[in-house]
Amino acid sequence: MPLFYFDINDGTRRRYDTEGQELASFEVATQVAAQELALIIKDEHLGGTRQSYIVTVRDQGGIPVFVATAMMLGEPLGLPS
Amino acid sequence: MADENYLIRKLRHGANLEAEDIGRLERIFDRFKSVGAGCDLIAEGQPPSHVHVIMSGTACRYKVLPDGRRAIVSLLLPGDFCDLHVAILGHMDHSIGTLTDCEIALIERDVLADMLIHYPLINRACWWATLVDEAVLREWLVNIGRRSSEQQLAHLFCELHARLETVGLTEGQSFFMPFTQTTLADLLGISAVHVQRVMSSLRDKGLLSLQDRRINLIDFRGLAELSDFDPVYLHLKTDI
């Protein structure tokens, strides 16, 4: 099975995957990337700001082959006076 | 106590076993077998003839979903019965598989049933073991359903430490943790990629370290606090 690397940028830092995952296909890798965004966002505490999350998938040779992005925007609206 | 097998070490937490109980438990195993990692001990639907006890290594209860994903619903560690209840239920509603190389002891169903009738303290200890299994499952449900991924992983490690300590398989705050990221992911219902991210985060916070498959819970209290781990659900005695 082909190896894919998942680099994650959560807006504050970028983490390069050095281990990789063996997955059945490119399609599965794209699903894993989307799922990773969902798992990160599930546990986030958005402090009234804009936050972007980017998962870049690289293939066995280290070439980027897919990128998935999610954005969260928290905006306190205040009480009407 | 140092020479006692893991089953006896564990069951001591469930009842004040006397010399005759210990003597019976020392002779209870019919035979032993070695099983490699990734093998089924019992598959779903089978009517088992023996009850299995883990002597070394780790096994798990699991179910496989139609799309091939695996959900691990409990971990079986040295001293744990794999299937005490099938002596009564008759067939398996889930599979039991090894996660590492295991040494398994087998007890004949009839012999076990007979022992439970004639040795009330062992009977009590086995009840205890079954009830604790249920308590662990309840805690796992909370863990998977309600905690953040970081808390889930921290809680799992705290529980593993507490359970392995019961049978004397920890060294201070560290223990052998042979699981792959995929196994940890199947245990927590998250992905292997996310396990890697969360592990890094726990490491960066100085809560734990991992080297050569040994995990060191550097800051056990910190991990327990983070994950709301309270070992009371394991119902362990402190005076053994």
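Read along the sequence, chain A of this predicted model follows the pattern β-β-β-α-β-β, that is, one helix and five strands. The radius of gyration of chain A is 15 Å, whereas the globule rule gives 12 Å for 81 residues; the chain is therefore more spread out than a compact globule. In keeping with this topic of overall form, the C-alpha trace spans about 60 × 20 × 20 Å along its principal axes.

Of the 81 residues of chain A, 36% count as buried. Among the contacts in chain A with a separation of 6 or more, 44% are made by residues 24 or more positions apart. The area exposed by chain A is about 5200 Å², and 55% of it is supplied by carbon and sulfur atoms. Chain A carries 6 positive and 11 negative charges, and the mean positions of these two sets are 7 Å apart.

In chain B, helix α5 comprises residues 120–146. At 1.5 Å a residue, its 27 residues should span 39 Å, and the end C-alpha atoms are 39 Å apart, so the expected and computed spans agree. Buried residues of α5(B) are B:Ile122, B:Ala125, B:Cys126, B:Trp128, B:Ala129, B:Val132, B:Ala135, B:Val136, B:Glu139, B:Trp140 and B:Asn143. The elements of chain B that cover these buried residues include the helices α1 (6–11), α2 (19–26), α4 (109–118), α6 (149–166) and α7 (181–188), together with β5 (70–76).

Contacts between the two chains involve B:Arg197, a residue of helix α8 (residues 192–204) of chain B. With neighbours within four places in sequence left aside, B:Arg197 is in contact with A:Ile8, A:Asp10, A:Glu36 and A:Ile40. The relative accessibility of B:Arg197 is 16%, and this residue therefore counts as buried, the cut-off being under 20%.

Two residues of chain B other than glycine have a positive phi: B:Arg213, with a value near 65 degrees, and B:Asp228, with a value of about 60 degrees. B:Arg213 lies in the loop between β9 (209–211) and β10 (214–216), while B:Asp228 is placed in the segment after α9 (220–227). B:Arg213 has a relative accessible area of 44% and is partly exposed. For B:Asp228 the relative accessibility is 54%; because this is over 50%, B:Asp228 counts as exposed.

How values were computed
Residues are numbered from 1 along each chain as its sequence is written. Chains are lettered from A and ligands numbered from 1 in the order in which they are written. This is a predicted model: local features need pLDDT of at least 70, side-chain atom pairs count only at pLDDT 80 or more; totals for chains, interfaces and linings use all residues. Side-chain values use heavy atoms; hydrogens and water are left out. Helices (H or I, at least four residues) and strands (E, at least two) are DSSP runs, numbered from the N terminus. The expected span of a helix is 1.5 Å times one less than its number of residues. Buried means under 20% relative accessible area, exposed over 50%, partly exposed in between (1.4 Å probe, protein chains only). Contact means heavy atoms within 4.5 Å. The radius of gyration is taken over C-alpha atoms; the globule rule is 2.2 Å times the number of residues to the power 0.38. Accessible areas come from the Shrake-Rupley method with a 1.4 Å probe; for residues, only the protein chains shown count as cover. Lys and Arg count as positive and Asp and Glu as negative; His and the chain ends are not counted. The place of a charge is taken as NZ of Lys, CZ of Arg, CG of Asp or CD of Glu.
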